Amino acid sequence: MVIGVVTTAQSAGLVFRRRLQAIATPFSPFIRLRPPRRPNTCLIPSRLDSFSLRCSFTDTDVCDYVANDEVDEDHTTSPCSVPVVRLKSDCLDAEGLHLLGGNFVDTVFTALPVLSEEEQNTIASTPAHPAGLYALYASCLVGNLVEQLWNFAWPASIALIHPSLLPVAVMGFFAKLAVIVGGPLVGKLMDCFPRVPAYNCLTVIQVASQLLSVGMIINSNIIHPNSVSPVLLQPWFVMLVLALAIERLSGLALGVAMERDWVVLLAGTNRPVALAQANAMLSRIDLLCEIAGASLFGILLSKYEPVMCLKLAASLMMCSLPILIFLTWLTNKLSAGVLAHAKSLQTGSGCSPTGYSHETENILTSGIHAIKHGWFEYIQQPVLPASLAYVLLFFNVALAPGGLMTAFLTHHGLNPSIIGAFSGLCAFMGVTATFVSTKMVNQLGILKAGAAGLVFQASLLTIAVGVYWSGSFSHKIPLMLFLFLVVLSRLGHMSYDVIGAQILQTGIPASKANLIGTTEISFASLAESIMLGVAIIANDVSQFGFLVMLSLLSVVGAACLYCRWLKKPTDIQRDLFSFELLQSS
């Protein structure tokens, strides 16, 4: 059946304006056009759904509509008789535009309300929910301050109880093991529950585990103040290890939820500038809380007894819990309830509307399958050497701020305030690296900037190890020089941390970014757990030099692996970073 319709040039102009809207909509999200009128769907016959429409201009300025009859036989019995046609994409050709006249076309284009470049940049840099984002910053500040204070408090307190590195190494080992094994399972459960209740539940679990850990350490100080019996056989130590593992696992889940999910919803996925600014703000808050937490507990420990310091820390934890729950509620309130639903309800991950998975009984099997799939995709990524260099840096547990370094310095009788200042300065280097890395990328390019950060860290740590073996730490000058070199080397480490993340963002497909990123965290935790296992064997303070040498070798190995990858680029690397490789050649 052929349907012919003759219209005037005015009707052609209307069709032309609607055609402009169809062309502009997919490519220009900032062009605002009045939506076309929709036909009454109740009058549309199903037998005419496949009709197509072609519009062409002839010399008589007549717009002819031709509909091709492609009716299926099984739909011929439809009772509806109103014909409906669809426009084809070739409705207007060059001849039709010429016949409409240049003035008419210019008028149509100039009448479109297109946003200027400045207005588009303003929208891209404005968060979707700015008030909710500020509430998220406040929640991150309170939670990270307590968490970073506890990360410094527990190894310092344990080091004052036991004369070796063994308790700290065992606790750190099982904490990393919990992250490796339980991370994917906790992430799967969080995807199946509403965001706000799941976040509040994990917050309560984290604070409760922290308070339990504080109670166990206080109990060990009161009942066994100078005990030399095997600490690993004490019931309080077993409870302490379990509580710390739960605290680390819940803290990791809270951090991933805030940095990978919440901030994206509040800043806006289609507002890259606002999202980048929000990511930078969260990173700076975390580093500043590390500075403040370590310094605060170090000052307290230098003026009061360990039990009193732990009681003050417990009071801070209990006060932070209602504040965190309120800020979480406020974040959701100020963001118009954007956090109110589970992620699975939006992405279709297979969870029921009540929040429970249809495969709860097979969650362990699903977790193991997720781990295997993540490892396979991680090995197949195009920028694997850059990621492996990042993982190798996590073998460095002796030449970095952490539990082992805190225990080592405590055993050497260093003032706790100085130990806290050391950890704070290392975190301050991380804040500095967020600014330095940008200039490095502008001057050297992203690939060479990554190599510069690794070489800088390896060079300074080589000098620091030389100071460690040549000087006696009974004098403060060699010890202070050793710590200064370690602090300065953190600038290279954190610079590569920032630059390496950008390399991975460039080389990894967006559809696999989260999978490969979480798998990389698991490998990094595995590297730390291996070194902590070695520290369990070499637990005497006099054997700390052996851990120092292993840490140095891991950093040097990371620098060599990355530089070799940079010197001999693969075909995939040439495609991803062709501009920089052409500049270097």
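User: Which residue follows helix 14, and what is the sign of its phi?

Analyst: Gly-413 follows helix 14. Its phi is positive, near 75 degrees. Keep in mind that this is a predicted model.

User: What makes helix 14 "mostly covered"?

Analyst: Count its residues. Helix 14 runs over residues 403-411, and eight of its nine residues are buried. To be called buried, a residue must be under 20% relative accessible area. The buried ones are Gly-403, Leu-404, Met-405, Thr-406, Ala-407, Phe-408, Leu-409 and Thr-410.

User: What is notable about the phi of Ala-336?

Analyst: Ala-336 has a positive phi of about 60 degrees, yet it is not a glycine. Most residues other than glycine have a negative phi. Ala-336 sits in the loop between helix 10 (306-334) and helix 11 (343-347).

User: Why is Ala-336 called exposed?

Analyst: Its relative accessible area is 70%. The cut-off for exposed is over 50%. Ala-336 therefore counts as exposed.

User: How do you know that Arg-248 and Glu-147 form a salt bridge?

Analyst: Check the distance. The closest N and O atoms of Arg-248 and Glu-147 are 2.7 Å apart. The limit is within 4 Å. The pair therefore qualifies as a salt bridge.

User: Which parts does this pair tie together?

Analyst: Arg-248 lies in helix 8 (residues 235-267), and Glu-147 lies in helix 5 (residues 130-161). The pair therefore ties together parts that are 101 residues apart in sequence.

User: Are Arg-248 and Glu-147 buried or partly exposed?

Analyst: Arg-248 has a relative accessible area of 22%. Buried means under 20%, and exposed means over 50%. Arg-248 falls in between, so it is partly exposed. Glu-147 has 15%, so it is buried.

User: What makes Glu-147, Glu-247 and Arg-248 a network?

Analyst: They are linked by salt bridges. Arg-248 pairs with Glu-147. Glu-247 also forms a salt bridge with Arg-248, with the closest N and O atoms 3.1 Å apart. Glu-247 has 0% relative accessibility and counts as buried.

User: How many salt bridges does the whole structure hold?

Analyst: A search of the whole structure finds three. One of them joins Glu-528 and Lys-176, whose closest N and O atoms are 3.0 Å apart. Glu-528 is in helix 18 (residues 513-537), Lys-176 is in helix 6 (residues 166-191), and they are 352 residues apart.

User: Why is Glu-528 called buried, and why is Lys-176 called partly exposed?

Analyst: The line is drawn at 20%. Glu-528 has 18% relative accessibility, so it counts as buried. Lys-176 has a relative accessible area of 23%, so it counts as partly exposed.

User: How do you know that Cys-140 and Cys-289 are not bonded?

Analyst: Look at the sulfurs. The closest cysteine sulfur to that of Cys-140 is in Cys-289, 6.4 Å away. A disulfide needs sulfur atoms within 2.5 Å. The distance is therefore too far for a bond. The structure holds zero disulfides.

User: Are Cys-140 and Cys-319 buried or partly exposed?

Analyst: Cys-140 has 4% relative accessibility and counts as buried. Cys-319 has 48%. Exposed needs over 50%. Cys-319 therefore counts as partly exposed.

User: Why are helix 16 and helix 19 called roughly antiparallel?

Analyst: Helix 16 (residues 446-470) and helix 19 (residues 544-567) pack at an angle of about 155 degrees, with axes 9 Å apart. Angles over 145 count as roughly antiparallel. The two helices therefore earn that name. By class, their contact has 22 nonpolar, four polar and one charged residues. The crossing is left-handed.

User: What makes helix 15 oblique to helix 16?

Analyst: Helix 15 (residues 416-444) packs with helix 16 at about 125 degrees, with axes 7 Å apart. Roughly perpendicular covers 65 to 115, and roughly antiparallel starts over 145. The angle fits neither class, so helix 15 is oblique to helix 16. This crossing is right-handed.

User: Why is Val-146 called buried?

Analyst: Its relative accessible area is 6%. The cut-off for buried is under 20%. Val-146 is therefore buried. Val-146 is found in helix 5. From C-alpha to C-alpha, Val-146 and Ala-314 are 9.5 Å apart in space, and they are 168 residues apart in sequence.

Technical notes:
Residues numbered from 1 in each chain as written. Predicted model: local features only at pLDDT ≥ 70, side-chain atom pairs only at ≥ 80, totals over all residues. Heavy atoms only, no water. Axes fitted to C-alpha atoms, helices over the stretch in contact; angles between N-to-C directions. Helix = DSSP H or I, 4+ residues; strand = E, 2+ residues; numbered from the N terminus. Parallel < 35°, antiparallel > 145°, perpendicular 65-115°, else oblique. Left-handed = near helix turned anticlockwise from the far one by under 90°. Nonpolar A, V, L, I, M, F, W, Y, C, P; charged D, E, K, R; others polar. Salt bridge = Lys/Arg side-chain N within 4 Å of Asp/Glu carboxyl O. Buried < 20%, exposed > 50% of the residue type's maximum accessible area, 1.4 Å probe, protein only.
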